[in-house]
Structure formats: structure tokens, C-alpha cells
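Visitor: I am new to this structure and would like a close look at a single part of it. Please choose one, and say what surrounds it.

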Amino acid sequence: ELALREGDHRIKNSLQVVASMMGMQERRETNAAARGALHAAAARIQAVARMHDALQLNGSADAVNLGALIEKMCTSLHEMAGDPHRMQIVVNAEAIEAPIAMAQPLMLAINEMVVNALRHAFPGERAGTIAVSLERINGELRVVVVDDGIGLPAGHARSGGFGMKLVHMMAAKVGGELRMESVNGARLLLSVPYAPGA
């Protein structure tokens with residue numbers, strides 16, 4: 001158990017170093033598309049690092065508090081946003097124990113959905129709010145990421161970028177389903193089968 005904790009600690013530290021190096025490169029980059037890609041990649045690495053941090057604090061148990069991890073991740077993403085006063089992230093997440101095999105894909109999917117909203121929902125100087133929720137309903141975990149921004153682009157279901165492809169991949173990995181709609185902003189609902197203790 002001590003070896004597992006030490007392993008998680010070292011992996012977390014190494015991932016944070018990589019994310020910091022990517023952040024430094026992002027700040028030096030002059031190409032906007034490259035800056036965006038580096039920012040998104042650093043956020044993904046940070047999401048995995050948070051999982052190892054939770055495992056270390058949890059004694060490398062088989063489950064983690066998914067709600068607490070989502071809150072911590074959204075706080076970090078808000079700090080990374082560049083102008084945290086213009087955009088707000090509101091989190092309402094139940095304290096749900098989820099197995100690692102479910103929590104890690106969900107964290108990566110939620111990370112992508114929030115980063116996507118931060119990058120695209122509020123162009124220019126537009127201000128707005130992103131709301132993230134997690135709850136248990138009728139044998140499912142339901143994650144909703146909603147914003148009051150400009151909405152999803154036309155044909156978004158067919159023309160999603162790498163981030164949304166990653167969301168679909170992570171959803172499929174845990175038997176989940178993603179639904180997207182654009183009404184007064186964007187609303188993404190991720191439903192995943194959930195049986196406590198299974």
C-alpha cells in the first residue's frame with residue numbers, strides 16, 4: 001500500500017511537471033491555434049494528475065469521491081481560463097464514490113466539456129457562466145455541463161473536434177451516452193450506468 005501511494009505521488013508530480021512545461025511553451029507560442037492546443041493538452045494532463053492525487057490521498061483504494069474531484073478540477077480550470085472574472089464556473093456535484101475505472105474516463109470527459117465551453121462559448125469580451133452538475137438518478141450517474149454562451153455551431157454533431165471525439169470515446173468506455181443541445185447556450189448531458197459497490 002505504501003508503494004502504491006508513493007507511486008501515485010511520483011506519477012502526479014511528474015504529470016504536473018509536464019503540464020507546467022506545456023504551460024510555459026503555451027505562453028511563448030505566438031500562434032493562437034497552437035496556444036489553444038497546448039492549453040487543452042495541459043488541462044488533460046492535469047486531469048490525470050488529479051486522479052493520482054486522489055488515489056494517493058485515498059490510500060490507493062479502488063474508489064474515489066467523484067464529486068470532490070470534479071469541484072477541484074473545475075476550480076483549477078477556472079484559474080487557468082485567463083480571465084476568471086469574465087467567466088464563472090458553478091459546480092453542484094454529489095459526493096459519489098466511483099470506481100477508478102469509471103472515474104478516470106468521466107474526469108477526462110468532463111474536463112473536455114468544460115475546457116470546450118471556456119474556449120468557445122464566450123468569444124471576444126462576452127461574459128457568462130458554466131454550470132456543472134453530477135447526480136445519481138434511477139441507476140445512472142448524470143453529468144450536465146451547461147453554459148449561457150453562443151451555443152453549439154451548426155452541424156456540431158458531425159464536425160466535432162478532437163476534444164468532443166475524446167468525450168465520446170470516454171463515454172463509450174464506461175457505457176455512457178452523450179446528448180447535446182443548443183438552446184440559450186449549450187447543454188451537454190452525459191448519462192452513465194451506475195451500481196454502487198459493483
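**A close look at helix α4**

Guide: The protein has six helices and seven strands; helices (H or I, at least four residues) and strands (E, at least two) are DSSP runs, numbered from the N terminus. This is a predicted model, in which local features need pLDDT of at least 70 and side-chain atom pairs count only at pLDDT 80 or more, while totals for chains, interfaces and linings use all residues. Residues are numbered from 1 along each chain as its sequence is written, and side-chain values use heavy atoms, with hydrogens and water left out.

Starting at the N terminus, the order of elements is α-α-β-α-β-β-α-β-β-α-α-β-β. Of the 198 residues, 43% are buried, where buried means under 20% relative accessible area, exposed over 50%, and partly exposed in between (1.4 Å probe, protein chains only). Among contacts (heavy atoms within 4.5 Å) with a separation of 6 or more, 70% are between residues 24 or more positions apart.

The part chosen here is helix α4, residues 100-120. One of its residues is Asn-111, which counts as buried because its relative accessibility is 0%. Leaving aside residues up to four places away in sequence, Asn-111 touches Ala-43, Arg-44, Ala-47, Met-73 and Leu-77. Met-73 and Leu-77 belong to helix α3, and Asn-111 is one of the α4 residues in contact with that helix.

The axes of α3 and α4 come within 11 Å and cross at roughly 30°. Axes are lines fitted to C-alpha atoms, for helices over the stretch in contact, and angles run from 0 to 180 degrees between N-to-C directions. The two helices are therefore roughly parallel; angles under 35 degrees count as roughly parallel, over 145 as roughly antiparallel, 65 to 115 as roughly perpendicular and the rest as oblique. Their crossing is right-handed, a crossing being left-handed if the near helix is turned anticlockwise from the far one by less than a right angle, and right-handed if clockwise. On the α3 side, Leu-66, Leu-69, Ile-70, Met-73, Cys-74 and Leu-77 make the contact, and they meet α4 residues including Ala-103, Leu-106, Met-107, Ile-110 and Val-114.

This neighbour, α3, covers residues 66-80. The expected span of a helix is 1.5 Å times one less than its number of residues, so its 15 residues should span 21 Å, and the end C-alpha atoms are indeed 21 Å apart. Buried residues of α3 include Leu-66, Leu-69, Ile-70, Met-73, Cys-74 and Leu-77, along with Gly-67, Ser-76 and His-78. An α-helix has 3.6 residues a turn, so residues three or four places apart point the same way. Asn-65 caps the N-terminal end of α3, with a side-chain oxygen 3.2 Å from the backbone nitrogen of Gly-67.

The other partner to consider is helix α6, residues 162-173, which packs against α4 at about 155°, with the axes 8 Å apart. That angle makes α4 roughly antiparallel to α6, and the crossing is left-handed. From α4, Pro-105, Leu-108, Ala-109, Glu-112, Met-113 and Asn-116 take part. They meet Gly-163, Met-164, Leu-166, Val-167, Met-170 and Lys-173 of α6.

In short, α4 runs roughly parallel to α3 and roughly antiparallel to α6.

Definitions and conventions: Polar contact = N/O pair within 3.5 Å; in protein donor to acceptor, adjacent residues only side chain to side chain.
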